Each structure stands twice: as C-alpha cells, then as structure tokens.
Amino acid sequence: MFAAFLLMPAARAESLDDYAARASCLITPFHIYKLAMSIPGPLASVAVKRADLVKKGQVIAQLESVVEQAQVDAARVRATTDVAIRLKTAVYSAAAAKLERQRKLKVAAVTSEQAFEEAEAAASVAKEEIEQARLDKELAALELARLEGMLDRRILRAPAEGVVTSVELHAGEYADSTNPVATVTEIDPLTVDVYLPAKAYPLVAMGMSAVVTPQEPQGGAREGVVITKDPQIDAASGLFLVQLRLPNPGAAIPAGVHCSVKFGGRTLTHRE
C-alpha cells in the first residue's frame with residue numbers, strides 16, 4: 001500500500017487561468033466625471049441629456065453671462081484699437097516739427113532759449129505718450145485675456161469623450177461647485193476589475209495581456225492589458241484587485257456587465 005502511494009502522481013499546480021476561471025470579473029467605466037461649475041450662478045442652458053455621447057471639450061452647460069460677455073466685448077475693443085496710438089503719434093509729429101523750427105530759429109538767434117526748451121520738452125512728452133499708449137494697448141490685451149478666462153469658467157465642458165449618465169440641474173436652476181450639473185462616464189476604454197486569490201499574486205505582471213469576454217449578448221471577446229496590480233491583499237477575503245484597460249470603440253460594450261478573463265501571459269508594449 002505504501003508503494004502504491006508513492007506511485008500516485010503529484011497534484012498539478014494551478015495556473016493563473018485556473019484562478020481567473022473562478023474569479024469575479026466586472027467591466028466598469030474607465031472614469032466617472034461629476035461635473036460642477038467652478039463658480040456659482042444661475043444656469044442659462046444645459047446642452048445635454050441622459051445617454052448623449054459627448055466629445056472632449058464639448059459644452060455641457062453655461063451660466064448666465066450677459067454682463068461678463070459685455071465686459072469681454074468692451075475689453076476686445078480696447079485691446080484691438082490703435083486710435084490712441086495714432087492720436088499720440090500725430091501730437092508727437094507736430095511737436096517734433098515745432099522743435100525743429102525752434103532749433104533753426106535758435107541757430108539764427110531769433111528765438112529765446114526758453115521757447116526752444118519748451119518745444120524740446122513738449123516733443124519729449126509727446127514721444128513718451130506714444131509709448132504710454134502702446135503700453136495701455138498691451139495692458140488692454142492682458143485684461144481681455146483675463147476676462148475671457150473668467151467668461152470661460154462660466155462654461156462647463158466635457159473633460160473626456162464619454163456618455164452622459166445623469167443630468168441633475170437644468171436651465172434656470174442655481175449651480176455651484178458642490179452640486180454636479182451632469183455626470184459624464186468615460187467608456188472607451190473600459191476598466192475590467194478582476195479579484196484573484198493571494199496564490200495568484202506572483203503570477204500577475206503589469207502590462208500582461210488578457211482576453212476579456214463580456215456576458216452575452218454584449219459583444220465578443222477582446223484583448224486588454226493589466227494596468228493595476230493592487231499592492232495589498234485583503235486580509236478578510238484573501239483576494240487582491242487586478243485592473244485591465246479594455247478598448248471599447250463605438251461603445252459596443254456597456255459598463256456594468258460581468259465577464260470572464262483569460263490571461264495571455266505575454267507583456268504588451270505601448271506600441272501594441
């Protein structure tokens with residue numbers, strides 16, 4: 001009987017895919033953005049509704065901004081006009097011409113030193129006023145940029161491409177930084193959460209490829225890559241979290257579905 005026991009084959013060590021076959025696998029959004037206004041005020045418009053697909057930078061909502069827009073328009077006029085510069089240039093040209101006449105009269109000894117000095121001072125002041133006008137125009141351009149920035153803060157934009165999953169406020173309601181106007185969920189790519197037992201910890205590597213199959217009928221299998229390996233194992237459950245990035249062009253796979261995962265073993269580079 002002892003001899004027979006020695007002939008029994010050793011138990012096969014479980015592979016990563018053995019562990020993955022029993023693991024909890026859930027497809028989740030890559031990121032969820034709860035979008036709120038950075039400054040408070042009544043909403044003039046909300047441009048999206050639930051289930052709308054949005055692009056990065058697309059306008060989600062805007063505060064009432066009649067006064068702010070008028071300030072920007074006025075600042076743009078000041079920043080783009082050169083009337084003051086032309087006026088000061090004309091004044092300087094006249095002062096310079098007068099100074100030249102006084103210089104000739106001084107040479108001919110038919111004008112006083114005081115008259116010449118007054119003409120010289122007037123020309124010098126007129127020249128400096130041209131530089132002041134140019135400086136004022138530069139400052140007006142900076143003020144325009146500041147006001148445009150303030151106006152832009154009254155516009156809420158999508159931070160990434162995604163889908164609107166909720167709209168909490170509407171036109172006419174008061175918005176501030178503590179109350180989200182809308183929620184945009186980034187679903188391309190998706191994140192896949194896989195909880196593996198502690199024994200699988202040394203078998204998982206960052207950048208490792210894996211084939212993820214969503215529950216039917218949510219599309220076919222596609223390849224993802226490990227982007228997170230939790231550095232801590234949960235003491236109560238003996239599990240650790242592995243997250244994969246899963247491409248989702250066309251939003252073919254909805255977030256929130258369960259899945260199965262099979263690790264490929266190879267490590268993907270950035271080019272892949």
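**Exercise 1. Strands around strand 11**

In which sense do strand 8 (residues 182–197) and strand 11 (residues 239–246) pair, and over how many bridges? Work this out in the predicted model, and then follow the pairing onward to strand 10 and strand 9.

*Solution.* Begin with the pair named in the task: strand 8 and strand 11 pair in the antiparallel sense, and eight bridges hold the pairing. One position to look up is L196, whose bridge partner in strand 11 is F240.

Next, turn to strand 10 (residues 222–229), which runs antiparallel to strand 11 and is joined to it by four bridges. Two positions illustrate this pairing: V226 has L244 of strand 11 as its bridge partner, while V225 stands opposite R245 in strand 11.

Finally, move on to strand 9 (residues 208–214), which pairs with strand 10 in the antiparallel sense over four bridges. Here S209 has V225 in strand 10 as its bridge partner. V225 has thus come up twice, since it also stands opposite R245 in strand 11.

**Exercise 2. A four-stranded sheet and its edges**

Find the order of the strands in the open sheet of four strands, and explain what is particular about strand 5 and strand 7.

*Solution.* The first step is to write down the order, which is 5-4-2-7, with antiparallel pairing. Strand 5 (155–157) and strand 7 (174–175) stand at the edges and have a single partner strand each, so one side of each is left without a neighbour in the sheet.

The second step is to examine strand 2 (residues 41–46), which runs antiparallel to strand 4 (residues 59–63) and is joined to it by three bridges. Within this pairing, V46 has A61 of strand 4 as its bridge partner. Strand 2 also pairs with strand 7, again in the antiparallel sense, over two bridges, and G41 stands opposite A175 in strand 7.

**Exercise 3. How helix 3 and helix 4 pack against helix 5**

Describe how helix 3 (residues 66–80) lies against helix 5 (residues 113–152), and then do the same for helix 4 and helix 5.

*Solution.* Start from the general principle that two packed helices are described by the angle between their axes and the distance between the axes. For helix 3 and helix 5, the axes come within 8 Å and cross at roughly 155 degrees. Because angles over 145 degrees count as roughly antiparallel, helix 3 is roughly antiparallel to helix 5. Helix 3 passes helix 5 in a left-handed crossing.

Now look at the residues that meet: on the side of helix 3 they include V72, A75 and A79, and on the side of helix 5 they include A140, L144 and L147. Sorted by class, this contact has eight nonpolar, three polar and five charged residues.

For helix 4 and helix 5, the packing angle is about 160 degrees and the axes are 8 Å apart. Helix 4 is therefore roughly antiparallel to helix 5, and the crossing of helix 4 and helix 5 is left-handed. The contact of helix 4 with helix 5 has 15 nonpolar, two polar and 10 charged residues.

**Exercise 4. Two backbone details**

Locate the cis peptide bond between D188 and P189, and say in which part of the chain A109, with its positive phi, is placed.

*Solution.* The peptide bond from D188 to P189 is cis, with omega near 10 degrees, and P189 itself lies in strand 8. As for A109, its phi is near 60 degrees, which is a positive value in a residue other than glycine. A109 has its place in the loop between helix 4 (83–107) and helix 5.

**Exercise 5. The chain as a whole**

Count the helices and strands of the protein chain, and compare its radius of gyration with that of a compact globule of 272 residues.

*Solution.* The count comes to five helices and 12 strands. A compact globule of 272 residues would have a radius of gyration near 19 Å, whereas the protein chain has 36 Å. As a last step, set this beside the extent of the C-alpha trace, which spans about 140 × 50 × 35 Å along its principal axes.

Technical notes
Residues are numbered from 1 along each chain as its sequence is written. This is a predicted model: local features need pLDDT of at least 70, side-chain atom pairs count only at pLDDT 80 or more; totals for chains, interfaces and linings use all residues. Side-chain values use heavy atoms; hydrogens and water are left out. Axes are lines fitted to C-alpha atoms, for helices over the stretch in contact, and angles run from 0 to 180 degrees between N-to-C directions. Angles under 35 degrees count as roughly parallel, over 145 as roughly antiparallel, 65 to 115 as roughly perpendicular and the rest as oblique. A crossing is left-handed if the near helix is turned anticlockwise from the far one by less than a right angle, and right-handed if clockwise. Contact means heavy atoms within 4.5 Å. Ala, Val, Leu, Ile, Met, Phe, Trp, Tyr, Cys and Pro count as nonpolar, Asp, Glu, Lys and Arg as charged, and the others, Gly among them, as polar. Two strands pair if DSSP finds at least two bridges between them. The radius of gyration is taken over C-alpha atoms; the globule rule is 2.2 Å times the number of residues to the power 0.38.
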